[in-house]
Amino acid sequence: MSRLTDTQLVILSAASQRDDSGVELPANVKDEAARKAADKLIRAGLLAEVRAAGSLPVWRCDDRNGPMALRITKNGIEAIDVED
């Protein structure tokens, strides 16, 4: 992936600090901008979409699978140089 934007770095950094590795999109970023940033991270393999359970924040609702969440991947953690 090319260079990460500040918003993408904030998303990945915050997720890497959570016990459940869940993504909570920044409140100060407008809905469409946050969605675009997350979509790019998903396509790059830095975030993965999973069924929302437990403390994972809901990212979107899917008619077929229900509530969905985002979780940082190992590649996402490596992209921001954080150790497990």
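Two strands count as paired if DSSP finds at least two bridges between them. With that criterion in mind, open the predicted model and begin at the hairpin.

**The hairpin and its strands**

Select strand 2 (58–62) and strand 3 (66–72). A hairpin of 3 connecting residues links strand 2 to strand 3. The two strands run antiparallel and are joined by 4 bridges. Two positions show the register: Val58 lies opposite Ala69 of strand 3, and Cys61 has Pro67 in strand 3 as its bridge partner.

**The full sheet**

Next, add strand 1 (47–51) to the selection. The result is an open sheet of 3 strands in the order 1-3-2, with antiparallel pairing. Strand 1 and strand 2 are at the edges with a single partner strand each, so one side of each has no neighbour in the sheet. From one strand to the next, the twist averages 35 degrees. The pairing of strand 1 with strand 3 is antiparallel and extends over 5 bridges. To locate this pairing, display Arg51, which stands opposite Met68 in strand 3. Helix 2 packs on the sheet and touches strand 1, strand 2 and strand 3, its direction making about 85 degrees with that of strand 2.

**Helix 2**

Now select helix 2 (31–43). This helix has 13 residues and reaches 18 Å from its first C-alpha to its last, close to the 18 Å expected at 1.5 Å a residue. Which residues of helix 2 are buried? They are Ala34, Ala37, Ala38 and Leu41. These four cover an arc of only 95 degrees around the axis, and therefore lie on the same side of helix 2. The general background is that an α-helix has 3.6 residues a turn, so residues three or four places apart point the same way. Rotate the view to the other side of helix 2, where Lys36 and Arg43 are exposed. The cover over the buried residues of helix 2 includes helix 1, strand 1, strand 2 and strand 3. Just after helix 2, inspect the backbone at Gly45, which takes a positive phi of about 80 degrees.

**The approach to helix 1**

Move to Thr5, in the segment before helix 1. Is Thr5 buried or partly exposed? Its relative accessible area is 41%, so Thr5 is partly exposed. Draw a distance from the C-alpha of Thr5 to that of Ala37: the two residues are 32 apart in sequence and 8.4 Å apart in space.

**The nonpolar core**

Finally, display the side chains of the largest nonpolar core, which has 16 residues. Leu12, Leu41 and Leu47 have the most contacts inside this core. Helix 1 (6–16), helix 2 and strand 3 each supply at least two of the core residues. Centre the view on Leu47 and show its surroundings. Leaving aside neighbours within four places in sequence, the residues in contact with Leu47 include Ile11, Leu12 and Val23. Also among its contacts are Ala38, Leu41 and Ile42, together with Leu70, Arg71, Ile72 and Thr73.

Note on methods
Residues are numbered from 1 along each chain as its sequence is written. This is a predicted model: local features need pLDDT of at least 70, side-chain atom pairs count only at pLDDT 80 or more; totals for chains, interfaces and linings use all residues. Side-chain values use heavy atoms; hydrogens and water are left out. A nonpolar core is a set of buried Ala, Val, Leu, Ile, Met, Phe, Trp, Tyr and Cys residues joined through side-chain atoms within 4.5 Å. Buried means under 20% relative accessible area, exposed over 50%, partly exposed in between (1.4 Å probe, protein chains only). Contact means heavy atoms within 4.5 Å. The expected span of a helix is 1.5 Å times one less than its number of residues. The arc is that of the directions from the helix axis to the C-beta atoms. Axes are lines fitted to C-alpha atoms, for helices over the stretch in contact, and angles run from 0 to 180 degrees between N-to-C directions.
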